[in-house]
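Me: Could you take me through the place where the ligand sits? I'd like a close look at that one part, in plain words.

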Amino acid sequence: MINAQHIILIGFMGAGKSTIGKELARQLHYPFMDVDEEIVRQERRTIPEIFKTGGETFFRQIESEVFANLVQNKERSVIATGGGIILLEQNRSILKRHQTILLEASLDTLFKRVSKQQQDRPLLKTDSDMKSKMEVLYNERLLLYHESAKYIIQTDGKSIDTIVEEIRSCIELP
Ligand code: S3P
């Protein structure tokens, strides 16, 4: 049996990938997988701890391995990724082979969502001017998100139900 084509959610930190992914999976009756959660489960430590001991390069290596393993799953699933999944070419090439959905939001919206959980996000944690740090990362990554996605959904001001509905109306299911 060939590998399943998964529904993969990408986007910046705070884009709602996990929240939307869970609801989408529930409605479609597909398994839900979360790359960040799987990393924490396998490594038996938190993401900030992984960054602290191994740095970002080490984290990206584990992230790629976990992601490559999750997509091997034969059962079609909804997969939520971490915001930096698009940074490595090997991940982008996987994303292009699946039904990859980019959840987009304005920097203002992302900032509002992320400021509530800054401590969980090592890339932003130590920066006192979090908004400018976010803006730099966002602009660095924008093209990579677009290049990797098959569908783009604008999420600003929309409810979870509306976003899930929009995704369901554009993805191709067997
Ligand atoms: C990261 C995003 C995080 C997590 C890690 C790095 C990033 O996931 O993978 O802190 O580089 O954008 P979320 O997008 O779920 O916050």
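Reply: Here is a walk through the ligand's surroundings, starting with the whole protein and then zooming in.

Keep in mind that this is a predicted model. The protein has eight helices and five strands, and if you follow the chain from the N terminus, the elements go β-α-β-α-α-β-α-β-α-α-α-β-α. Its C-alpha atoms fill a box of roughly 45 × 35 × 25 Å along the principal axes. For 174 residues, a compact globule would have a radius of gyration near 16 Å, and the protein's 15 Å agrees with that.

Now for the ligand. You'll find the ligand in the largest pocket, with 13 residues around it. The closest of these are K17, D36, R60, R121 and R141. Sorted by character, the shell around the ligand has five charged residues, five nonpolar ones and three polar ones.

Which helices help to build that shell? Helix 3, covering 47-70, and helix 6, covering 122-125, each bring at least two residues to it. Helix 3 gives the most, with three residues.

Next, zoom in on the oxygen atoms of the ligand. R121 uses its side chain here: one of its N or O atoms is 2.7 Å from a ligand oxygen. With G83, look at the backbone instead, where an N or O atom lies 2.8 Å from an oxygen of the ligand. G84 also has a backbone N or O atom facing this way in the list of contacts, at 3.3 Å from a ligand oxygen. And how much of the ligand does the protein cover? On its own, the ligand has 390 Å² of accessible area, and the protein covers 94% of it.

Key
Residues numbered from 1 in each chain as written. Predicted model: local features only at pLDDT ≥ 70, side-chain atom pairs only at ≥ 80, totals over all residues. Heavy atoms only, no water. Near = heavy atom within 4 Å. Polar contact = N/O pair within 3.5 Å; in protein donor to acceptor, adjacent residues only side chain to side chain. Areas by Shrake-Rupley, 256 points an atom, 1.4 Å probe, with all protein chains shown as cover. 1 Å grid on protein atoms, 1.4 Å probe; cavity = no way out; pocket = protein on both sides within 12 Å on 5 of 7 lines; lining within 4 Å. Sits in = over half its atoms within 2 Å of the grid points. Helix = DSSP H or I, 4+ residues; strand = E, 2+ residues; numbered from the N terminus. Nonpolar A, V, L, I, M, F, W, Y, C, P; charged D, E, K, R; others polar. Rg over C-alpha atoms; globule rule 2.2 N^0.38 Å.
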